[in-house]
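Got the viewer open? Load the model, switch to cartoon view, and let's walk through it one selection at a time.

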Amino acid sequence: MTDYKNPEFEKEFEEKTVDITRVAKVVKGGRRFGFRVTVVVGDKAGKVGVGTGKARTVPDAIRKAAEKARKDMRKMNLHGTTIPHEIIGKVAGAKVLLKPASQGTGVIAGGGVRAVMQAIGIQDILTKSMGSANVLNVVRATMDALDNLQSFKEQAILRGKNPEELLPYWERKNSG
């Protein structure tokens, strides 16, 4: 069992607060205001998690969200500093397109998508967010896309090809 309260455990992850939203609960005496926070946590080496937390104060909501994000951490299929293939992730009305990019391109992404890419350690990628601009759904759509990434070997088996044939064009030129 991993000790989430251990200070050394905290240091190895990058924690990014993506969204802070004020929410209201209607009760008999009026409205009770609280906050919903979305946090992305990653180790910059292929593992990333997303968590949301609600509380009456922002610091409590951030703490709850960070704990959930650490528990939600998953290993993703990466290829060097980018992803193995193009993919679209969908959640509710949000769609996110992720495209691999050659080395030196950088992270071409905005808002929640950029936070996830930086936390996971991707340095070269092209992204496009379509549909809903709801930050929580965009982050979840990004995670959906990353969850559905397959390695070159898995793709090669599905297509009945050699894994080298599926390498991006910029890597094929250099090798042959």
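**Stop one: the four-strand sheet**

Select 87–91 and 94–100: these are β5 and β6, an antiparallel pair joined over five bridges. (Strands are DSSP runs of E, at least two residues, and helices runs of H or I, at least four, numbered from the N terminus; two strands pair if DSSP finds at least two bridges between them.) Before going on, a word on the ground rules: this is a predicted model, where local features need pLDDT of at least 70 and side-chain atom pairs count only at pLDDT 80 or more, while totals for chains, interfaces and linings use all residues. Residues are numbered from 1 along each chain as its sequence is written, and side-chain values use heavy atoms, with hydrogens and water left out.

Show Ile87 as sticks and look across to Leu98 in β6, which stands opposite. Now widen the selection to the whole open sheet, whose four strands run in the order β5-β6-β8-β7 with mixed pairing. Which strands stand at the edges? They are β5 and β7 (107–108); each has a single partner strand, so one side of each is left without a neighbour in the sheet.

**Stop two: the helices across it**

Add 111–120. This is helix α3, lying across β6, β7 and β8 (125–131) at about 45° to β6. Angles run from 0 to 180 degrees between N-to-C directions, using axes fitted to C-alpha atoms, for helices over the stretch in contact; contact means heavy atoms within 4.5 Å. Next take 135–147, helix α4, which lies across β5, β6 and β8 and runs at about 135° to β5.

**Stop three: around β3**

Jump to 47–55. Seven of the nine residues of β3 are buried, so this strand is largely enclosed by the rest of the structure. (Buried is under 20% relative accessible area, exposed over 50%, partly exposed in between, with a 1.4 Å probe and protein chains only.) Add β2 (residues 30–42), antiparallel to β3 over eight bridges, and pick out Val40 with its bridge partner Val50. The two strands form a hairpin with four residues between them, and Lys44 in the turn has a positive phi of about 60°. β3 also pairs with β4 (residues 74–75), antiparallel over two bridges; there Val48 stands opposite Arg74.

**Last stop: Thr82**

Finish in the loop between β4 and β5, at Thr82. Is Thr82 buried or exposed? At 4% relative accessibility, Thr82 counts as buried. A polar atom of its side chain lies 2.7 Å from the backbone oxygen of Asp124. Leaving out residues up to four places away in sequence, Thr82 touches Pro100, Ala101, Ile122, Asp124 and Ile125.

Key:
Polar contact = N/O pair within 3.5 Å; in protein donor to acceptor, adjacent residues only side chain to side chain.
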